[in-house]
Every structure is written in structure tokens, then in C-alpha cells.
Amino acid sequence: KVAVDGVAQAQSTTTSGGSWTISSVTASSGQVITTWLDGVADASESTGVTKYDGTGNITGMVLNTNTLTVGSADNQSLTLTNVGAYPSASDEDVMPSWTSSTINVNGGGTYSDSTINVLASNTLTVGATETLTAHNTTITGTLVATTTATLNVSGHWTNNGTYTKGSETVTLNGTEAQTVAGSAASSFNSVTVSNTTATISISTNINIAGTLTVNASASVTPAAAVVINTAAAAGTITGSGTVNVTRTAATADYSSQYKFTTNTLTNLTVAYVGGAAQTVSALTYGNLTINSGYTATAAGAVTVGGTMTVGATSVYYTGGQNLTVATLSNSGNIQLQGNETTITITTMDTAKGTVTYIGNKDGVTDNLTIKDFGTNDYYDLILNSDSGYTADQFMMGANLNVLHDLTITRGN
């Protein structure tokens with residue numbers, strides 16, 4: 001069926017797939033044309049919206065299952081108001097609802113995997129006081145977010161065209177795994193991640209000029225080659241969720257993958273989970289996790305205000321740099337050289353995990369001090385001066401309490 005500027009027309013057609021035509025519809029230049037499949041179950045609903053350019057026939061409108069398509073072969077520019085010209089309140093089989101300046105793509109039914117798709121060479125503009133709420137958002141043409149527009153995405157964001165930011169916020173708020181993908185890099189103002197069920201996977205570079213907020217129990221996982229803010233550091237990262245560091249190319253650290261001007265990490269967990277050795281950026285972290293199964297080497301002094309977690313088969317190596325930790329949870333191995341100026345762990349994990357002293361690798365036999373962490377110092381303690389260098393001597397500066405195994409492999 002078809003509506004013109006919000007008025008249903010008598011003309012209609014039938015289709016079982018493939019091309020379709022609705023004939024003898026009268027419209028003037030600039031009027032909004034809405035087409036939809038009528039009398040079908042939610043699982044089969046589809047809607048297309050475009051504008052008439054005043055010349056000839058309209059071609060290239062698309063009706064795909066559970067998809068709201070915007071545009072046609074006439075290459076039109078539409079607003080969110082245009083999309084809401086004939087909403088689900090006018091016919092339940094029309095997909096989007098239009099209420100209080102908000103388009104909800106799922107407004108007309110219950111859909112398992114609905115999508116809004118801005119067709120190639122067409123433009124959809126979301127106004128300053130408007131909200132676009134969708135499951136999947138696919139940009140093949142151009143999507144414009146004007147100043148303080150709001151975009152809510154509970155599924156996948158795919159940009160194969162052009163996304164033009166304003167001072168908007170894009171909220172990823174699904175209850176299933178979500179992706180940010182596409183052949184084009186999306187440049188956002190601000191992004192809020194509030195999906196507490198599954199991680200947000202980012203498979204293409206993105207830019208965030210404003211703020212990336214990762215809410216509690218939410219997480220972000222970029223692909224190893226992905227960089228947030230590719231040109232230069234910009235914006236702010238904050239929140240109380242988890243950001244995963246997957247980068248394994250030089251430099252394989254947080255600061256080379258998350259390039260923000262302001263890193264407010266106080267309540268965030270930064271997790272190094274790359275598929276190879278990584279470098280731990282010299283920062284003050286809220287919570288820090290090493291859980292890659294490889295060695296993560298500190299680039300400089302590291303401070304963890306909350307909990308530092310080292311996963312099983314993972315290694316955190318100080319590289320001789322200072323380490324200050326409030327609480328340690330160690331199921332893996334922490335490697336110290338023994339010459340660090342400051343190793344402070346307020347609450348040591350003496351129920352599990354290994355601490356290994358490997359020496360300072362300077363080719364000279366040095367006397368290095370085994371750190372004293374309090375009443376109970378270590379679970380497993382290994383003294384193993386690196387075999388590639390002259391063995392160092394490890395000295396006790398105080399009585400030490402090793403609760404499980406003490407192993408001396410090299411050094412004394």
C-alpha cells in the first residue's frame with residue numbers, strides 16, 4: 001500500500017517478492033511517499049519512505065523484511081519528520097512509530113532483527129530535538145545528526161556511507177552482542193555504551209570527539225587493528241565498565257588503541273586481552289586486568305587504585321618500573337626485576353599466584369631485594385635470574401612468609 005504526505009491512497013498492488021509497482025498515484029514535488037506491506041505478520045512487515053522529486057515515476061524504493069528503508073533512486077533528502085509522516089498509529093503494519101519527535105523503528109510490531117537503512121545517495125537528517133531509536137542502523141547513503149540529536153541503537157551500527165556528527169549522543173543499549181562496523185569510519189560526537197549483556201565489538205576505526213562513556217557491567221572490544229581516534233588524541237573516556245585492549249601491533253598498548261585527550265579511568269577496568277605480548281601503558285588505572293595468556297610489560301610506572309587482576313597463564317612484567325596496587329588478585333605470574341624503586345601492594349594475594357624475581361639484566365651480579373608485603377608475603381615465590389645474563393643475588397630485607405612454594409632456579 002502507499003500513503004502520500006500522511007494520507008493513505010486507494011491504490012495498491014500485490015507482491016510475493018522481487019519488483020513491484022503501484023500505479024496511478026498522484027503526488028506533487030516534495031511530498032512524502034510511504035509504502036508498506038499490509039495485512040502481514042510482524043515477521044514479514046516492511047516499510048519504505050522517500051520524497052517525490054516532481055518528475056516522472058519514483059523508482060528504487062525497497063521493501064525488505066523487517067527493514068525501514070529511507071530513499072529511492074531519486075536521491076532524496078529526508079528528515080525524521082518525513083519518516084514519521086505515516087506512522088504505525090495510522091496502520092499497524094507500518095513499522096515506525098512517531099511520538100514526541102521520536103522515531104521508533106520497532107514501533108509498529110515485534111521484530112527479531114529490524115533495521116533502518118538509508119539507501120545510497122539519499123540523506124536522512126535527525127533534528128536537534130529528535131530521537132531515532134532503532135535495532136540495526138545501516139548507512140549506505142548519508143545519516144546526519146544535527147546538533148543535540150539522539151540516536152539509540154540496540155543492534156548493529158554499520159556505516160558503508162557517510163555519517164555526519166553534530167553534538168549528538170549515540171547510545172548502544174542492546175541486550176545481545178552488538179557491532180560497530182562498515183567500510184567507512186564513523187566519526188561520532190559522544191557514544192554511551194549501556195549494553196550489560198554482551199560486549200560491543202568494534203571492527204572498523206571510529207572517532208569520538210566528545211565522550212565515550214562505558215557504563216557499569218558494559219564492555220567494549222575493538223578488533224586488534226582498530227584504533228579509536230586515528231588522527232590524534234581527542235575527547236574523553238569515562239565510565240565504570242570495561243574497555244578491552246586487543247592491540248598487538250606496535251605499540252601494543254592502551255594508549256595506542258584508545259587515543260583520548262582525557263583518560264578518566266578511575267572507575268573503569270582496562271583489560272589487556274590481546275592475542276600476543278602487549279605493553280601496559282604507564283597510567284593510573286581504576287582497575288587493571290592482564291588476561292591474554294601472554295606477557296604484558298609495563299612501559300613505565302603503573303598505579304592501580306582498585307584491583308589488579310592477573311589471569312591464569314598470563315604474566316605481568318614490571319620491566320624494572322614502579323608498581324603501586326591497592327588490591328592484587330593473581331592467578332598468573334608477576335615478574336619483578338628486584339631493582340624497582342617502588343613496589344607497593346596494599347592487599348597482597350597470598351592465596352594463589354606466583355611472583356618471580358628475574359633480575360635486572362644488566363650483565364653484572366647485583367644484590368637485589370625481595371620485597372616485603374606484610375605479615376604474609378607470597379603464595380608461590382620463584383627466584384630465577386634471567387639465564388641470558390649474569391646471575392643476580394636476591395637478598396631478604398626482612399623476614400618473609402611464603403605460604404606455598406619457594407623455588408630457586410638461578411640466583412641466590
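Q: I've read that two strands pair if DSSP finds at least two bridges between them. How many bridges join strand β23 to β25 here?

A: Before we count, keep in mind that this is a predicted model. Strand β23, residues 211-214, pairs with β25 over four bridges, and the pairing is parallel. To see one contact of β25, find Thr 213: its bridge partner there is Thr 238.

Q: Which strand does β25 join over two bridges?

A: That's β27, residues 262-263, which runs parallel to β25. In this pairing, Ile 237 stands opposite Asn 263 of β27.

Q: Which residues of β25 are on its covered face, and which are on its uncovered one?

A: Walk along the strand, residues 236-239, and sort them by face. Ile 237 and Gly 239 make up the covered face, while Thr 236 and Thr 238 make up the uncovered one.

Q: How do I read the order of strands in an open sheet? What is the order in the four-stranded one?

A: Read the names as neighbours in a row. Here the row is β6-β10-β13-β16, with parallel pairing. At the edges are β6 (77-79) and β16 (162-164), each pairing on one side only. Ignoring direction, neighbouring strands in this sheet are turned against each other by 15° on average.

Q: What does the link between β6 and β10 look like?

A: Three bridges hold that parallel pair, with β10 covering residues 123-126. For a spot to look at, Thr 79 stands opposite Thr 125 in β10.

Q: Which strands pair with β33?

A: Let's take them one by one. Strand β30 (residues 284-285) runs parallel to β33 (residues 302-310), and two bridges join them; there, Thr 284 has Thr 303 as its bridge partner. Strand β31 (residues 287-290) is joined to β33 by three bridges, again running parallel, and Leu 288 stands opposite Met 308. Then β33 pairs with β35 in the parallel sense over seven bridges, where Val 304 is opposite Val 325 of β35.

Q: Now for empty space. What is the general trick for finding it?

A: You roll a probe the size of a water molecule over the atoms, and that shows where empty space is left. In this structure, two cavities have 30 Å³ or more. The largest holds about 60 Å³ of space, and the second largest has a volume of about 40 Å³.

Q: What lines the largest cavity?

A: Leu 172, Val 180 and Phe 188 are among the residues of its lining, as are Ile 200 and Leu 212. The strands that give two or more residues to it are β20 (190-193), β21 (200-202) and β22 (206-208). By class, the lining has eleven nonpolar residues, no polar ones and no charged ones.

Q: And which residues line the second largest cavity?

A: Its lining includes Leu 323, Ile 334, Met 348 and Phe 373. Strands β35 (323-330), β36 (333-336) and β37 (343-347) each give it two or more residues. The class count is nine nonpolar, no polar and no charged.

Q: What about the largest pocket: how much space does it have?

A: About 520 Å³. Of the 22 residues that line this pocket, Thr 21, Ile 22, Asn 57, Ile 58 and Thr 59 lie nearest its centre. The lining splits into eleven nonpolar and eleven polar residues, with no charged ones.

Q: How do I read aromatic pairs, and how many are there?

A: You look at the distance between ring centres and the angle between ring planes; planes over 60 degrees apart count as edge-to-face. The count here is eight pairs. Trp 157 and Tyr 163 are one edge-to-face pair, at 5.0 Å centre to centre with 90° between the planes, and both residues are buried. For Phe 373 and Tyr 378, the centres are 5.5 Å apart and the planes stand at 75°, so this pair is edge-to-face too. Both Phe 373 and Tyr 378 are buried, and together with Tyr 357 and Phe 394 they form one aromatic cluster.

Q: Last one: is Thr 197 buried or exposed?

A: Exposed counts as over 50% relative accessible area. Thr 197 is at 53% relative accessibility, so it counts as exposed. You'll find Thr 197 in the loop between β20 and β21. Its C-alpha atom is separated by 5.2 Å from that of Thr 175, though the two are 22 residues apart along the chain.

Key:
Residues numbered from 1 in each chain as written. Predicted model: local features only at pLDDT ≥ 70, side-chain atom pairs only at ≥ 80, totals over all residues. Heavy atoms only, no water. Phe/Tyr/Trp six-rings, centres within 6.5 Å; stacked < 30°, edge-to-face > 60°. Buried < 20%, exposed > 50% of the residue type's maximum accessible area, 1.4 Å probe, protein only. 1 Å grid on protein atoms, 1.4 Å probe; cavity = no way out; pocket = protein on both sides within 12 Å on 5 of 7 lines; lining within 4 Å. Points joined across faces, edges and corners; volume = space filled by probe spheres on them. Nonpolar A, V, L, I, M, F, W, Y, C, P; charged D, E, K, R; others polar. Axes fitted to C-alpha atoms, helices over the stretch in contact; angles between N-to-C directions.
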